[in-house]
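Work through these exercises with the model open beside you. Try each task before reading its solution.

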Amino acid sequence: MNFVVKSMVGNQLKDLTGGGDESRDDGNTNEVNTELEEERARMEEERRLKHERMENERRKMRQEIRDKYHIKAKDEVMGSSPNRMPQFTQIQQEEDIELTWDNLTASNVQKKAQGLFKTARTGVMSLFGQNEA
């Protein structure tokens, strides 16, 4: 029953307001579309510039903090010695003692442990940009 009443009232309301006539075309759709596209492009450019300004401000603030606390940036630390990992393996190979049942003595185990510790310490110190003392 409600459906019948709503459809009757709805149809009469559409006739009064002129709604529902989708076949009408004002001919301005192309102009409206181009205006909308121009507006979208302008807004996108504003958004891009806004984010670029914000990122520049953040970059400046990060640099000021690094300067204040004498912190190196990650790219500075990593870029200072690009061949760092081969140095670690080289150190390890120089001091590497192969432990087997035949040479399993306290001094050989101690040398092996010291070599591994030195390799790990060198790696950690270089990651933090500190020189070994």
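**Exercise 1. Place His70, then decide whether it is buried or exposed.**

Solution. Start with the location. His70 sits in the loop between helix 2 and helix 3, the latter spanning 74–80. Remember that this is a predicted model. Next, take the relative accessible area of His70, which is 72%. The cut-off for exposed is over 50%. His70 is therefore exposed, at 72%.

**Exercise 2. Find what stands out in the backbone of His70.**

Solution. Recall the general rule. Most residues other than glycine have a negative phi. Now read the angle. The phi of His70 is positive, about 55°, although His70 is not a glycine.

**Exercise 3. Ala73 lies in the loop between helix 2 and helix 3. Is Ala73 buried or exposed?**

Solution. Take the cut-off: buried means under 20% relative accessible area. Ala73 has 6% relative accessibility, so Ala73 counts as buried. Then relate Ala73 to Arg62. They are 11 residues apart in sequence. In space, their C-alpha atoms are 9.1 Å apart.

**Exercise 4. Which residues make the nonpolar surface patch?**

Solution. Look for the side chains first. The patch is made by Met61, Ile65, Tyr69 and Ile71. Its area is about 430 Å². Now pick out Met61. Met61 belongs to helix 2. With a relative accessible area of 52%, Met61 is exposed.

**Exercise 5. Which residues form the negative surface patch?**

Solution. Search for acidic side chains. Glu31, Glu35, Glu37 and Glu38 form the patch. Focus on Glu37. Its place is in helix 2, which covers residues 29–69. Glu37 has a relative accessible area of 52%, so Glu37 is exposed.

**Exercise 6. How many helices and strands does the protein chain have?**

Solution. Count each kind of element. There are five helices and zero strands. Then write the order along the sequence. The pattern is α-α-α-α-α.

**Exercise 7. Describe burial, surface and contacts for the whole protein chain.**

Solution. Begin with burial. The protein chain has 133 residues, and buried residues make up 9% of them. Move to the surface. The protein chain exposes about 12,100 Å². Carbon and sulfur atoms supply 55% of that area. Finish with contacts. Consider contacts between residues at least 6 apart in sequence. Of these, 42% join residues at least 24 apart.

Definitions and conventions:
Residues numbered from 1 in each chain as written. Predicted model: local features only at pLDDT ≥ 70, side-chain atom pairs only at ≥ 80, totals over all residues. Heavy atoms only, no water. Patch = residues over 30% accessible without salt bridge, like charges linked within 9 Å, V, L, I, M, F, W, Y side chains within 5 Å. Areas by Shrake-Rupley, 256 points an atom, 1.4 Å probe, with all protein chains shown as cover. Salt bridge = Lys/Arg side-chain N within 4 Å of Asp/Glu carboxyl O. Lys, Arg positive; Asp, Glu negative; His and termini not counted. Charge placed at Lys NZ, Arg CZ, Asp CG, Glu CD. Helix = DSSP H or I, 4+ residues; strand = E, 2+ residues; numbered from the N terminus. Buried < 20%, exposed > 50% of the residue type's maximum accessible area, 1.4 Å probe, protein only. Contact = heavy atoms within 4.5 Å.
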